[in-house]
Amino acid sequence: MCAEVSPGPDNSRTSEAGAGWVCGSPGTFNDLLPPRVLDFSWRRPAVLWRSRNDVLARLFGDPSNAIRRRCVAALRERGTPAAFTVHRSAPEFSFVLLGDTGEGDRSQYAVVPPLLHAAAGTDFMIIASDVVYPAGDGGQYLEKFFRPYKDYPAPIYAVPGNHDWYDGLRGFLHVFCALDANCSPPPWRGALAFVPRLLWRHPGPIDRAALAEARRTYRGAPGQQAVQPGPYWAIDTPSLRIIGIDTGITGVVDRDQGRWLREVSGGPKPKLLVTGKPLYVDDDHRPGPVEGGGTVDEIVRDPAHHYVAAIGGDIHNYQRYPVRAGDGRTIQYIVSGGGGAFMHATHTIPRTSVVKEGEFRCYPLRGDSLSRYSKLYGRWLRLPRLFELTPEEATAAVRYRLGIRPGRGYRSAATEVRPSRRARFVASVLGVPRDGRRRPRLLRLPVHRLPQRFRSEMADWDRPPFFKSFLRLDVTESQLRIRCYAATGCGDHETAPPCEDEVTIPLR
Ligand SMILES: [Fe+2]
């Protein structure tokens, strides 16, 4: 399991050191940081204000579909073939995939050394959503895309996430599709349309010369160049077709893209979907609506389409759900959003019901996630003695509340006995569901009145263990092998990144 790229046997399932709680040496990623590290924090009001299009899209309607149609029309006018497909002739190839990368701070750079090591020999990279936070600005691609991945020698493709859409996708289209167009006068109509029109954050101008210089300086080698057909695309190979979709701000796929998706999903060739919104996440099925009817997951499950896996970013951790399709096949539904940005909690995931708990995998382990959050809350509330749980205490509390076998065992009896009242209290107030219940009990701490979105986004930290992750996928004519690697931020894990999960899928 997980051999070849990662000679180190340790991972978060075997020891606390494997999870990065104890670092043998500091990460060399610190040497890669720019002279002035961006002070990125989701707690800054200016950052939240720049993301306001998210709130406007949810309150007044998501304009992504209308804007995307204009962009796609411009791409077609330019001569992009309607299939939006890149053809590759090799039947055997490898690539890396990571989601939600672009904060430009330590948590993004901590992923780079283990990524470069595990990505050795791969043919391309895919970024699944949120290439540039907080709002996709073209001006920030230098620090959050070109510079961090300067040493990755092959092309990078991407599907946009909601944050890339907050500038009307202008930066994304310029960098990945070589399209310089402002497609986005927002399309709202009606009596209240003046509100979103007034507040909508319009894309800033693109500084073409600066972006061209950034590309030349950091990713200028011939082998690094690629122009993808559009915000949605397919990479067709003799053994596997990889299909990337653009889910806009709120996760809806427009009618034209839906028609294209059904067309490229046809035929007997095995398919892999890459999406900005995962179809299974946090023990929840989110099939992804298609404008005009149907869902993305209906297309994925259709036996005539031969999907073997669907991988989505957006949620900043790793989760895998092997779901049985109606015809006896198993489709691997994976969340891979741990590529650089703050960590979303996994300890709030209930004992799974969409697949058996024993078949579910996540990274970080729920106990590590709870321990990390307990330390954060202890610091914020200035109550470390009350809140802080060691990884072992947190693991025991998760086992007790969820009634699951923990991902990491301990030799001591502490994880086998009833955890302390304090540990149970902390687990409760930090959102570990009780048994199979989806929601925690009624809680009275004000922190729990915060929406999950802000609870987690405020939980950005810049020291190991980072609990970041990325995937390496190896394709042969007969199988697809997917491995999830951890980026802890520890120096000893940079050349031997812990392999946290692995699945091999037959392609015939
Ligand atoms: Fe994200």
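Which residue meets Arg-286 in a salt bridge? The legends below go through this and other close-up views of a predicted model.

**Figure 1. The salt bridge of Arg-286 is made with Asp-284.** The nitrogen-to-oxygen distance between the two side chains is 3.2 Å. Asp-284 has a relative accessible area of 28%, so this residue counts as partly exposed. Arg-286, with 37% relative accessibility, is likewise partly exposed. The structure holds 24 salt bridges, and further examples appear in Figures 2 to 4.

**Figure 2. Glu-213 and Arg-216 form a salt bridge within helix α10.** The closest N and O atoms of the pair are 2.8 Å apart. Helix α10 covers residues 208–218, and because Glu-213 and Arg-216 are three residues apart in it, about one helical turn separates them. An α-helix has 3.6 residues a turn, so residues three or four places apart point the same way. Is Arg-216 buried or exposed? The relative accessible area of Arg-216 is 56%, and the residue is therefore exposed, the cut-off being over 50%. Glu-213 has 40% relative accessibility and counts as partly exposed.

**Figure 3. Asp-256 and Arg-259 are joined by a salt bridge in helix α11.** The N to O distance is 3.5 Å. Both residues belong to α11, which runs over residues 255–264, and they lie three residues apart, about one turn of the helix. Arg-259 is partly exposed, with a relative accessible area of 47%. Asp-256 is also partly exposed, at 29% relative accessibility.

**Figure 4. Asp-246 belongs to a salt-bridge network with Arg-68 and Asp-254.** Where in the chain does Asp-246 lie? Asp-246 is in the loop between β6 (241–245) and α11. The relative accessible area of Asp-246 is 0%, so this residue is buried. The side chain of Asp-246 also makes a polar contact with the side chain of Trp-165, at 2.9 Å. Leaving aside neighbours within four places in sequence, the contacts of Asp-246 include Arg-68, Trp-165, Pro-160, Leu-169 and Gln-257. Pro-231, Tyr-232, Val-252 and Val-253 are also among them.

**Figure 5. Cys-23 and Cys-490 are joined by a disulfide.** The structure holds one disulfide. The two sulfur atoms are 1.9 Å apart. The torsion about the S-S bond is about -75°, which means that the disulfide is left-handed. This pair links distant parts of the chain, 467 residues apart. Cys-23 lies in the loop between α1 (16–19) and α2 (45–50), whereas Cys-490 lies in the loop between β15 (479–487) and β16 (499–506). Cys-23 is partly exposed, at 35% relative accessibility, whereas Cys-490 is buried, at 1%. Two other cysteines can be viewed alongside: Cys-183 is buried, with a relative accessible area of 4%, and Cys-362 is buried at 8% relative accessibility.

**Figure 6. Phe-176 is one of the residues that touch the most other members of the largest nonpolar core.** This core has 74 residues, and Tyr-141, Phe-145 and Leu-273 stand with Phe-176 in touching the most other members. Which helix gives the most to this core? Helix α8, residues 170–177, gives the most, with five residues. Not counting residues up to four places away in sequence, Phe-176 touches Val-131, Tyr-141, Phe-145, Ile-156, Tyr-157, Ala-158, Ala-226, Val-227 and Gln-228. A second, separate core has 59 residues, among them Phe-29, Ile-126, Leu-240 and Leu-402.

**Figure 7. Helix α13 is largely enclosed by the rest of the structure.** Helix α13 has 15 residues, numbered 366–380. At 1.5 Å a residue, α13 should span 21 Å, and its end C-alpha atoms are 21 Å apart, so the two values agree. Why is α13 described as largely enclosed? The reason is that 12 of the 15 residues are buried. The buried residues of α13 include two arginines, Arg-366 and Arg-372, and two tyrosines, Tyr-373 and Tyr-377. Also buried are Gly-367, Asp-368, Ser-369, Leu-370, Ser-371, Ser-374, Leu-376 and Gly-378. Just after α13, Arg-382 takes a positive phi of about 55°.

Technical notes: Residues numbered from 1 in each chain as written. Predicted model: local features only at pLDDT ≥ 70, side-chain atom pairs only at ≥ 80, totals over all residues. Heavy atoms only, no water. Helix = DSSP H or I, 4+ residues; strand = E, 2+ residues; numbered from the N terminus. Expected span 1.5 Å × (residues − 1). Buried < 20%, exposed > 50% of the residue type's maximum accessible area, 1.4 Å probe, protein only. Disulfide = S-S within 2.5 Å. Core = buried A, V, L, I, M, F, W, Y, C linked by side-chain atoms within 4.5 Å. Contact = heavy atoms within 4.5 Å. Polar contact = N/O pair within 3.5 Å; in protein donor to acceptor, adjacent residues only side chain to side chain.
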